[in-house]
Structures are given as C-alpha cells and as structure tokens.
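Trainee: I am new to this structure, and I would like a close look at a single part of it, the pairing of side chains with opposite charge. Please take me through it slowly and explain each term as you go.

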Amino acid sequence: SASEQEEKKALRAQEEKALQDTIKMLTDDDALDLFRNTVKKTSLLQLDTAREHALMKAKGIVSGRPELSFIALALSGKKVDFTKVFKKIDGMVELMGKEGQDEESKKDYCNKEFDEAKDKSKDLKQKISELSGNIEQKQASIEKITADIKTIKEGVQSLDESVTEATENRKAESAEYSELLQQDNAAVELLGMAKDRLNQFYNPKLAKQTTTKSPYDLSLVQEQEPQVQASNGVLSMITAMISDLEKEMLVAQTEEQNSQKEYEAIVADAKEKRAGDLKDAQSKAQMKADLEADSDEDAQEKDSKVKEQQAAAEFKADLHKECDWLVANFDIRQQARGDEVERLKQAKAVLAGADFS
C-alpha cells in the first residue's frame, strides 16, 4: 500500500544516512592513518593508496538501500573478503531485478483490475437503469389493469342493477296485464249477460238457453211481442263495447308477449355480457398478478445489483489505495532501481580492479 511504501522509503533514507555516516567515519584521513599504523603490512587491510581509493569509491557507490549496509560494513572491516562482497553484490542485483519484475507484474495487475472495474461499473449501471425502466413500465401497466378491473366490476354492478330494475318493471307490467285481462274478461262476461237479457226480451230466438232461473227469467214478466227495432241501438252499443274489450285484451296480450320476449332477450344478453366481463376481469387479474411477480423479481434483482455496485465501488476505492502510488511512481522507481543496479556493478568492477577514473 502507499503507507507501507512511504514507511519503507523513510527507513531507506535513515539507513542510507547511517551508512554514509559510517563510511565517512571509516574513510576519513584519521581513520586511514589509524588503520595504516595498527594493521600489519601483510594483512589484507594493509592496502596501498590505489586500493584504498578503490575501497572508498566502492563505499560511495554502495549506498541507498538498507540491504547494502552489510556490504558497507564488510568493506569497512579489518579483513575484506571480496569473494563474500561480490556474492552479496550479485545477490542484491538479483534481488532488485526480482523487485522490478514484481512491481511490473503488480502494475499490470493494477491496470487490468482498473479496466475490469471500469467495465463492471458500466455494466452494472446499465443493468440497474434497465431494471428501473422495467419496474416503472410494469408498475404503470399494473395501475392501468387495476383501473380496468375496477371499471369492469362497476359495469357488472351497474348491469346487475339494470337487470334488477328491468325485472321489477316486468313484474309490474305483467301484474298490470293480468289485472287488465281479469277486468276486461269480467266486463265482457257482464256485457254478454246484459246482451243476452236484452235478446230474451227483444229477440228471444237469439237468447241463450239456460237451465237456471235468473232474475231476468221471462216467466216473471208478461210476454210481449219483440221489438227488434227498439233494441238495435242498445244491442249494437253492447256488441261494440264487447268488441272493443276483446280487441283491447288481444292488443294487451300481444304487448305482454312482446314485452316478455324483449325482457328475456335483454336478460340473456346481460347474462352473457356479465359472464364475459367477469372472465375478462379474471384474465386481467391474472395478468396483474404476473406483472406484480415480475416486478418483484426485477426489484429484488435491482437491489442485488445496487449492492453489487456498492461492493464494486468499495473494491475500486481499495484498488486506488493499493495501486495509485505504484502506478504513478512506477517509471521513477524503475529508473532508480536501474541506477542502483548499475552502481552496484560499478562498485564490483572497482573492487575487481576496473578503472572508472
């Protein structure tokens, strides 16, 4: 992480300062004079001026990393084992090469994760938008279907009320017809009796024969000669009244039959329409239930995608913390590491007797 890199960088700076101070202490003129006076000429530390210069130059080159302190201490010791020093330098070169490869791999990983995170964020945003649109569209459809179902039910209720009202009217009309028929039949019967009574007096031959004595029996009165001429007006009027009543009953019967047929047809149509409307309402209710189920699934999926989006955002934030410093300083660090490797090679060459003057 960036904090670890900063701590490591600070530690390196401290160790580099300590190393430089140590080298300065061990390579100043007083220290060199002390070494010349205290070490035998046959000792490996009894170096001539050229070798001392090489050691000092190598110490100046080998600096800047904590791991190099061991090499610096080895060069500052009373006995210098160049084989071990060379081995340590080669190890450091190899280590820094591996570090460079690791950082390059880490940079590739970071760039790859950034690209994938960007694509994933884009896909999640698009999916959430699509789900939101689907939910909104389905909710609008659910509201419309709910309104349609309400309208259908209100229509069925109104239709039932109309059928009830029509039934009550039909009953009333039928009762009126029955009453009219009863009254007209009674009137016709009464007028018939009146006509028959007049015929008994005026036209005995036209009178109906009866086996019962009635108040109008001819035996109760003195027989008189028929007066046909006098009876024609009254009898004609009675006959006309009977004919009018019979016509009225015939018209009423026809109207009753027509009204009954019309009522039955209306009720049949209403029944058929009612069944169709209820079936339509049931179908719409199923559609509504399906849409609600689909909408709930979309809502759950949207919630899941939103959580996934939040997790992706957190991962991306952590990735920035982990990678931003490395990516921003990659080229500088690679260059610095290359310079360190080159200095190590120069130090090794100096110690091996190469001329870098």
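Mentor: A salt bridge here is a side-chain nitrogen of Lys or Arg within 4 Å of a carboxyl oxygen of Asp or Glu. The model is a predicted one, in which local features need pLDDT of at least 70 and side-chain atom pairs count only at pLDDT 80 or more, while totals for chains, interfaces and linings use all residues. Residues are numbered from 1 along each chain as its sequence is written, and side-chain values use heavy atoms, with hydrogens and water left out.

The setting comes first. The protein has six helices and zero strands, where helices (H or I, at least four residues) and strands (E, at least two) are DSSP runs numbered from the N terminus. Of the 357 residues in the protein, 26% are buried, a word that means under 20% relative accessible area, with exposed meaning over 50% and partly exposed in between (1.4 Å probe, protein chains only).

Side chains of opposite charge can pair when their charged atoms come close. By the rule above, the count comes to 16 salt bridges. One of them joins the side chains of Glu173 and Arg170, at 3.3 Å from N to O. These two residues are three apart in helix H5, so about one helical turn separates Glu173 from Arg170. Their surroundings can be told apart, since Glu173 is partly exposed at 38% relative accessible area, whereas Arg170 is buried at 6%. Elsewhere, salt bridges that share partners join Glu99, Glu103, Arg333 and Arg337 into one network.

Within that group, Arg333 has its place in helix H6 (residues 228-351) and counts as buried, because its relative accessible area is 14%. The side chains of Arg333 and Glu103 are also joined by a polar contact of 2.3 Å, the term for a pair of N or O atoms within 3.5 Å in which, within protein, one must be able to donate a hydrogen and the other to accept it, and residues adjacent in sequence count only if both atoms are side-chain atoms.

Another pair within helix H5 is Lys144 and Asp148, which lie four residues apart, about one turn of the helix, and whose closest N and O atoms are 3.2 Å apart in a salt bridge. Here Lys144 is exposed at 54% relative accessibility, while Asp148 is partly exposed at 21%.

A salt bridge can also be followed from one helix to another, as with Glu308 and Lys120, whose side chains meet at 3.9 Å, N to O. Glu308 lies in helix H6 and Lys120 in helix H5 (residues 82-202), so this pair ties together parts that are 188 residues apart in sequence. Both ends are partly exposed, Glu308 with a relative accessible area of 30% and Lys120 with 39%.

Charge also gathers outside such pairs. Asp290, Glu292, Asp294, Asp296 and Glu297 form a negative surface patch, and patches are made of residues with over 30% relative accessible area and no salt bridge, like charges being joined within 9 Å and nonpolar side chains (Val, Leu, Ile, Met, Phe, Trp, Tyr) within 5 Å. For this purpose Lys and Arg count as positive and Asp and Glu as negative, with His and the chain ends not counted, and the place of a charge is taken as NZ of Lys, CZ of Arg, CG of Asp or CD of Glu. Within this patch, Asp296 is found in helix H6 and is partly exposed at 47% relative accessibility.

Conventions. Areas by Shrake-Rupley, 256 points an atom, 1.4 Å probe, with all protein chains shown as cover.
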